[in-house]
Structure formats: C-alpha cells, structure tokens
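I opened this model to look up two things: the pockets, and the contact between the chains. My notes follow in the order in which I went through them.

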Amino acid sequence: MGSAFQSPRATTAPDGAAVCIELASNPAYLCSVRSMMGVVCRRIGFGDAATSKVVLAVDEALANVMKHGYERRLDGRIWLRAARETRETGEGIRVVIEDEGRQVDPCDIKSRDLEDIRPGGLGVHIIREIMDDVRYECRDGKGMRLTLFKRLDRGARDPSTTGGCVG
Amino acid sequence: MADKSSLTIRVETRGEASVVAPAGEVGYHEAPALRSALRESLDRKPSRLIVDLTGIHYMATPGLATLIEALQISKRTNVVLVLCGLTDRVRAVFEIARLQTVFRIAPDVDAATTL
C-alpha cells in the first residue's frame, strides 16, 4: 500500500466508547470499518435499516476526510470513536471522527443543490439526512472533528441540533 | 484489513444490450472499478446498457456518482441506460439522494431489456 501505517488498532476508549480505532486515510480500510460499525450499531439496538443508514453516514464522513481533508493521501491518520449515548431526547449512538487534515470553516461545509444532477458532492447531504445531529469543528492546531448522533427511536428532530456549524 | 474482493463485476451481452452486473459493495474504494467497467461497456456503444444491481448490498455516494457519470455519457452517445435489481438498501440510498426519478429503473434484467 506504500504506507508506513500499521493496521487499525483498538485502543483504550477514554470516554467509554464501544469502539475506538485509528486508521490510515486509505480507502481500502473503509470496507472493514463498515463491517465494524454494523456490529456496533446492532449491539446498541439499531435495526437493519437504521444500521445500514448509520453505516452509510459514517462511511461517507470517512471518505470525505480521505478525499478532501487529506486530499487522497494514503498516510493521514483518522480516529473514530463510537459509543452509546443518552441525551435528553433519547438514547442513540454518538460517533466522533477526527483527523489532522486540511481545516475548513465548518460553516462552509454544506450540502449541494440536489437539483443539479452531477457526479459528486452528495456525501454531506447524505450525512445530514441520516443523522439527527451533525457538528463539524476545527480541532486545535490542525484537522477537523465531526460529531454525529443518531437516536435509536427517531421521532422529532433533536432540538439541540444546530445544523452543523460549530467551531 | 484491506479487502480487494468486496466488489466483483460480470459483463455480458444480451442481444443488443450490454449487461454490467456488479456484486458486493460500492464505496469510495470500489467505485473506480465499476467506473472502468461502465466506461468500457459504453465505449463499445451498445444500443442499451443494463446495470444489474441485484448483487449490490451496499452503495455509497461514489457509486451513485459513477452511475450519474455513466448516465451523462449514455445521453451524449445515444445509449439507453437502465438500472435494475435494486435491493431495498440500495433503493433507500437513491431516495435519500433523490435520484430515483433520474434513472430508468426496472425490476430485473428481462424488464430492463424493453423499458
């Protein structure tokens, strides 16, 4: 693969996360992360349809980091934590994705106009459609942090949702 | 961890139509292989290109982008592009992206040969 990075490894989760991994910005790893996220979602209690959607959202988010954050470099580092979380609005899964790639103003991360039928640019739309809370932040120093939350029983929209313009 | 076998692609001819049948997953890593297969089929200028998605159990936006690109090429080259065999999971992704009305979609390959 031409990368000095070792295989993604489990680490001690500092915040009680069910999963805490570090992976290279290599798309070849995405398939394995999808499998892992499927297991985590089902263990938390999501059904098949909701699990598929959360897996898709996380996959899209990681692909965006690889494509835009690291500009297709294969040796960047990405950290992913996934945990059950209870909020006032209900229980669900929280996924935090951090990187050391290019920083962008969180307010500039927008879905594109879907009326414009063209390849590319659908990932952010998919993430926002699927997840109840989507927050992009610039990390101190370098890189971005994306925090996603999806309720187990999706009813009304999470009132704490800000539309992902934090930082 | 790397999995190079998460997508396989079968290409065959059925009458005047080319049938491209990917199986497995189409994410960011796998989409280029599907793109190559579709472009090669379009380069042969069949009257109809059928993309049989029966074997696809996961599709992310790079897969959608690949199909949109194929659709654009097909329109420029007067090839009829038809998708078929969408599973519920794949159909859900099309719906989230609001693409379900952009493509000709048939239930199976037989129906796709005449749609």
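Entry 1, the largest pocket. Helix 2 of chain A gives the most to the lining of the largest pocket, 8 residues. I note here that the model is a predicted one. I looked up the volume of this pocket and got about 840 Å³. The lining has 37 residues, and those closest to the centre are Ala63(A), Asn64(A), Val65(A), Lys67(A) and His68(A). I then listed the elements that give two or more residues to this lining. From chain A they are helix 2 (48-69), strand 4 (90-99), helix 3 (123-130) and strand 6 (144-151). From chain B they are helix 1 (31-43) and helix 2 (61-76). I sorted the lining by class and wrote down 17 nonpolar, 12 charged and 8 polar residues.

Entry 2, the second largest pocket. I read a volume of about 350 Å³ for this one. I found 20 residues in its lining; nearest the centre are Ser52(A) and Val55(A), together with His57(B), Tyr58(B) and Arg89(B). Chain A contributes two or more lining residues from each of helix 1 (30-44) and helix 2. Chain B does so from strand 4 (55-59) and helix 3 (88-96). By class I have 9 nonpolar, 6 charged and 5 polar residues in this lining.

Entry 3, the contact between the chains. How many residues does the contact take from chain A, and how many from chain B? I get 31 from chain A and 26 from chain B. Between them the two chains bury about 2,400 Å², and 67% of that area is on carbon and sulfur atoms.

Entry 4, polar pairs across the interface. I found 3 salt bridges between chain A and chain B. One that I looked up joins the side chains of Arg34(A) and Glu25(B), at 2.6 Å from N to O. I also found 7 residue pairs in polar contact across this interface, with both residues at pLDDT 80 or more.

Entry 5, the chain A side. Which helices of chain A each supply at least two residues of the side that touches chain B? I have helix 1, helix 2 and helix 3. Helix 2 gives the most to this side, with 9 residues. I sorted the chain A side by class and got 16 nonpolar, 9 charged and 6 polar residues.

Entry 6, cross-check. Helix 2 of chain A is on my list for the lining of the largest pocket, for the lining of the second largest pocket and for the side of chain A that touches chain B.

Definitions and conventions
Residues numbered from 1 in each chain as written. Chains lettered and ligands numbered in written order. Predicted model: local features only at pLDDT ≥ 70, side-chain atom pairs only at ≥ 80, totals over all residues. Heavy atoms only, no water. 1 Å grid on protein atoms, 1.4 Å probe; cavity = no way out; pocket = protein on both sides within 12 Å on 5 of 7 lines; lining within 4 Å. Points joined across faces, edges and corners; volume = space filled by probe spheres on them. Helix = DSSP H or I, 4+ residues; strand = E, 2+ residues; numbered from the N terminus. Nonpolar A, V, L, I, M, F, W, Y, C, P; charged D, E, K, R; others polar. Contact = heavy atoms within 4.5 Å. Buried area = accessible area lost by both parts, 1.4 Å probe. Polar contact = N/O pair within 3.5 Å; in protein donor to acceptor, adjacent residues only side chain to side chain.
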